[in-house]
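Reader: I am new to this structure. Please take me through one part of it closely, the place where its domains come together.

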Amino acid sequence: MTSAVARAHTNIALVKYWGKRDSELMLPQTDSLSLTLNEFYADTKVEFSAQLTADELIIDGQSVSGKGFKKVQKVLSIVRQMSQTDQFARVESVNHVPMAAGLASSASAFAALAMAASTAAGMKLSRRDLSRLARRGSGSATRSIYGGLVEWHRGVDDLTSYAEPIMETVDFPLEMMAILLNTEQKKVSSTLGMQHVVETSPYYPAWREVVQADMQKIKLAIEKRDINEIGHIAQTNALRMHALNLAADPGFTYFNAATLQAMHAIDNLRASGTNCYYTMDAGPNVKVIYDRADRSKIQAALTPLFGADNLVVSQPGPGTVLLDQ
Ligand code: 2P0
């Protein structure tokens, strides 16, 4: 019996991934760039055993079947093929988030699974290959193998679509604050949302060009450690991603009334001299991007609107690590 435990942190994209061109290989339409977060992570244990008669998945103590389980099985099957084993596996994952944050958890889940499963199967994959393996479970997981600021190269095939760190230890005061507005399960999954957009949004060709330009601009801004420029690019990129959804047929949105309230609050705060920017993903929660020095001013402005308990500060975090073997 062989087992391994890995810890992976989630990430928030500053230049978003929103569309696949191959859903089996999980090749994205565009490059993307993210910040790995310290405060949100998953610990996953994988155990291969000749005694098991099927794969098993337990998340936060609950046995899981359905779509999530299928994606886990897909990654386990790739690992079995790579390591020439036919044993089934038990996967046990625990999510560590400050509360039921409803923030993207598939990134940390599949990055941890890639490292724990490949190690438990006796392989020692390079980080590039771990990134490629994590990608097969969930696109955003490709980036969570690395800490700090990370780029996912869309590539042209399975071998060339992987992530690379731009700055693993962020050496300037970039910080992110999640505003928790709604922790219910999202109505349109990322997978379905992005597929619908690629198929029906007339803005999609423009989005590809937007991302290409934003990748260049944000890498320069990171080099200059210019938090305002990084925030400005991220906010504009997020709005353009969400515009794809509104322009699809039928159109849809992940925003709710509180999302718009938070967006206005951050725009107003910036207009009154405190530099901060927002980004949103496949759900209503808003993430604020700012310089650590401005944290208390931002908290003071947002607390009366959303409550102190719903503001979760997170620092840049590390890449995926092995905890136990
Ligand atoms: C991102 N998101 O770049 C984008 C921005 C949400 C909005 O990646 O279908 O869970 O498993 O590849 O990675 C969330 O989508 O979707 C995501 P799949 P995933 O972070």
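Author: What follows starts with the domains, moves to the core, and ends with one helix and one strand residue.

The model is predicted. Its domain assignment gives domain 1 (2-170) and domain 2 (174-314). Their centres, taken over C-alpha atoms, are 23 Å apart. The two are in contact: 26 residues of domain 1 meet 30 residues of domain 2.

Take the domain 1 side of that contact. Three elements give two or more residues to it: β1 (2-15), β4 (32-49) and β9 (162-167). Of these, β4 gives the most, with six residues. By class, this side of domain 1 has 17 nonpolar, five polar and four charged residues.

Now the core. The largest nonpolar core has 90 residues. Those with the most contacts inside it are Ala111, Leu113, Ala114, Ala116, Ala117, Ile230 and Val288. Helix α2 (residues 106-120) supplies the largest share of this core, eleven residues. Domain 1 (2-170) and domain 2 (174-314) both contribute residues, so the core lies between them.

Look at Ala111 up close. Leaving out residues up to four places away in sequence, Ala111 touches Ala8, Ala134, Ala141, Ser144, Ile145 and Thr320.

Next, helix α4 (residues 190-200). Gly193, Met194 and Val197 are buried there. These three cover an arc of only 90° around the axis, which puts them on the same side of α4. What lies over them? The cover for the buried residues of α4 includes β2 (20-22), α5 (204-223) and α6 (227-246). Turn to the face of α4 that points away from its buried side. That face carries the exposed residues Leu192 and Glu199.

Last, a single residue in a strand. Thr279 lies in β11 (residues 276-280). Is Thr279 buried or exposed? Thr279 has 24 other C-beta atoms within 10 Å, and 20 or more count as buried, so Thr279 is buried. Its contacts include residues far off in numbering: Thr279 touches Ile12, Leu14, Ala234, Gln235, Ala238, Lys287 and Ile289, not counting residues up to four places away in sequence. His232 is 47 residues from Thr279 along the chain, and their C-alpha atoms are separated by 9.9 Å.

Notes: Residues numbered from 1 in each chain as written. Predicted model: local features only at pLDDT ≥ 70, side-chain atom pairs only at ≥ 80, totals over all residues. Core = buried A, V, L, I, M, F, W, Y, C linked by C-beta atoms within 7 Å. Buried ≥ 20, exposed ≤ 12 C-beta atoms within 10 Å, placed from the backbone. Helix = DSSP H or I, 4+ residues; strand = E, 2+ residues; numbered from the N terminus. Domains from an automatic or database assignment. Contact = placed C-beta atoms within 7 Å. Arc of directions from axis to C-beta. Nonpolar A, V, L, I, M, F, W, Y, C, P; charged D, E, K, R; others polar.
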